[in-house]
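Grab your viewer and a pencil. Here are some short exercises, each with a worked solution.

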Amino acid sequence: MLDFLNDLINGKILIAVLIPLGLIFTIWSRGVQFRLFGSMFSVLGQGFQHETDQPSSFQALALSVAGRVGGGNIAGVAAALALGGPGAIFWMWIVGLVGMATSYFECTLAQVYKQKEPNGDFRGGPAYYIKHGLGKKLGKAGPVLGFVYSLLLLVTFGFAFICFQSFATTSSIDSAFGAPRLWSGIGLGVVVSLVIFGGVRRIASVAEIIVPVMAVFYALIGLYVLLTHIPQIPGALSTIVVSAFGFNEAVAGGIGGAIMMGVNRGLFSNEAGLGSAPNVAAAAYVEHPAQQGMVQSLSVFIDTIIMCTVTALIIILSTQSYIGVDDDVQGVLTQLALADHVGGWAEYFIAFALFLFAFSSIMYSYYLGENAVDYYIPDNMVAVYVYRFMVIGFVLLGSTIQLADVLSFSDVTMGLLAMVNLFAVALLFPIGLRIMRDFDAQRKAGVKVPIFDPDKFSDLNIDKSAWQLTERPGGPADTEKA
């Protein structure tokens, strides 16, 4: 039943929706992910000049990259190559490039409709922009759809993806050090518990340190492999492109297998359109919603175009067989391939890197699950603490189960999650365009740091208290005077 649903949702419906919708967003926004690409870095830099207790745009980026870079890039790319052949990577690129526009709008909308909690934290994401943005349009169906999305978010990230990250990490440690997976899972659970019981601010602070360091180290090792194999790179890239259209895919299922695994693993890796990143994007303080949309769009580029490509080339350029390998080999394929290039020590490095990546990814997945719990039972710390103990239990469970069990279940719930979110983003797209044009107009008028004024959007159901932090020197009033 899971295989049937996975083939229907991810192999047919999602392919027919995800890429075309991303293309529509790209065309109508005049290629927002391309024309604002350079500005994304300057907006990201503003996150270092942070003046509030809420997570900065950079911390939100680090936390979302924590979820994207890790198991999805290392184990996820290996699974895509094994099940869809090299051509799956091409379709991952396509999903990533159009997904940058999707991520821009879903994260912008998350900022617009975020809500301020009594303790000063922000909450937001698809459940919130469905409830507050589509309330009038959908009527009674709005709260139901928000409830369904939150349930799928909890099951997919709060449970299934935590199991996957635990599986990937403990398998890697077992391969490198021979340590029993259960004992590695216990160690991972202890470390995770020390952070998640500190709340979102501690999670963001830890991710801000771990993720950039490990991503840079992994990228540097990948760069070394590429530099030492420059003559072979054109051939590897050609294999990816040619295989994308089914010419070399007899073993891996033809063009259908390449597209399905590319879309499926691409969505799993960069999460553009899945609605997960908006939950984190809403937690950040920024001057304008479009700023966080730009930052999260950049994270999709980092994940898919850079990190996934590096991992894919490491595997393709190695002597390791990868098409059709079983689950046990898929879990450690990247580290075996890297060991081919730089020696046996690479196995230990990947095991350590995966531990840190999975650690930060679990924190990310935990936060998404907590967001869902808070949506059901607002401001109830008993429910949050129960959920935290359940997360530790799923970390342990992930260290004892097999990859196929995790992927089959999570792929189905992930596909459903994406469909609900894409439906909402498509309906709210005109509002996303209004916010984008407000940002563009201020930039064109010479405003260096555009400020969001909720009074200009009084027809929208916006929580104005979430934007009161902008009422300081340099806020809307001062901008008008200038």
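## Exercise 1: Two helices side by side

Work out how α7 and α9 are oriented relative to each other, and what makes up their contact.

*Solution.* The answer first: α7 and α9 run roughly antiparallel. To get there, keep in mind that this is a predicted model. Take the axes of helix α7 (residues 126–133) and helix α9 (residues 141–177): they come within 8 Å and cross at roughly 180 degrees. Angles over 145 degrees count as roughly antiparallel, so the label fits.

Next, list who touches whom. From α7 we get P126, A127 and I130, and from α9 G142, L145, G146, Y149 and S150. Sorted by class, that contact holds five nonpolar, three polar and no charged residues.

## Exercise 2: Zoom in on S150

Decide whether S150 is buried or exposed, and find its neighbours.

*Solution.* Start with the place: S150 sits in helix α9. Its relative accessible area is 2%, and the cut-off for buried is under 20%, so S150 is buried. Leaving aside residues up to four places away in sequence, S150 touches A127, A372, Y375 and Y376.

## Exercise 3: Check the length of α6, then look for a bend

Compare the expected span of helix α6 with the distance between its end C-alpha atoms.

*Solution.* Helix α6 covers residues 87–112, which is 26 residues. The expected span uses 1.5 Å times one less than the number of residues, so α6 should span 38 Å. Its end C-alpha atoms are 38 Å apart, in agreement. There's still a bend to find: α6 turns by about 35 degrees at G99.

How enclosed is α6? Of its 26 residues, 24 are buried, so the rest of the structure largely encloses it. One packing partner is helix α12 (residues 233–244), whose axis lies 6 Å from that of α6 at an angle of about 85 degrees. That puts α6 roughly perpendicular to α12. On the α6 side, the contact uses G87, I89, F90, W91 and W93; on the α12 side, it uses L237, I240, V241, S243 and A244. The tally for this contact is eight nonpolar, two polar and no charged residues.

## Exercise 4: Repeat for α15

Run the span check on helix α15 and locate its kink.

*Solution.* With 28 residues (289–316), α15 should span 40 Å, and its end C-alpha atoms are indeed 40 Å apart. The kink is about 30 degrees and is centred on C308. As for cover, 24 of the 28 residues of α15 are buried.

## Exercise 5: Two residues with some exposure

Classify R30 and L416 by accessibility.

*Solution.* R30 is in the loop between α1 and α2. Its relative accessible area of 56% makes R30 exposed. Its phi is near 55 degrees, a positive value in a residue other than glycine.

L416 belongs to helix α19 (residues 403–444). At 32% relative accessibility, L416 counts as partly exposed. It touches I9 and L152, not counting residues up to four places away in sequence. L416 and N6 are 410 residues apart in sequence, yet their C-alpha atoms are 9.7 Å apart in space.

## Exercise 6: The whole chain

Which share of contacts joins residues at least 24 apart?

*Solution.* Among contacts between residues at least 6 apart in sequence, the share is 82%. For context, the protein chain has 20 helices and two strands, and 63% of its 482 residues count as buried.

Notes
Residues are numbered from 1 along each chain as its sequence is written. This is a predicted model: local features need pLDDT of at least 70, side-chain atom pairs count only at pLDDT 80 or more; totals for chains, interfaces and linings use all residues. Side-chain values use heavy atoms; hydrogens and water are left out. Helices (H or I, at least four residues) and strands (E, at least two) are DSSP runs, numbered from the N terminus. The bend at a residue is the angle between axes fitted to the seven residues ending there and the seven starting there. Buried means under 20% relative accessible area, exposed over 50%, partly exposed in between (1.4 Å probe, protein chains only). Axes are lines fitted to C-alpha atoms, for helices over the stretch in contact, and angles run from 0 to 180 degrees between N-to-C directions. Angles under 35 degrees count as roughly parallel, over 145 as roughly antiparallel, 65 to 115 as roughly perpendicular and the rest as oblique. Contact means heavy atoms within 4.5 Å. Ala, Val, Leu, Ile, Met, Phe, Trp, Tyr, Cys and Pro count as nonpolar, Asp, Glu, Lys and Arg as charged, and the others, Gly among them, as polar.
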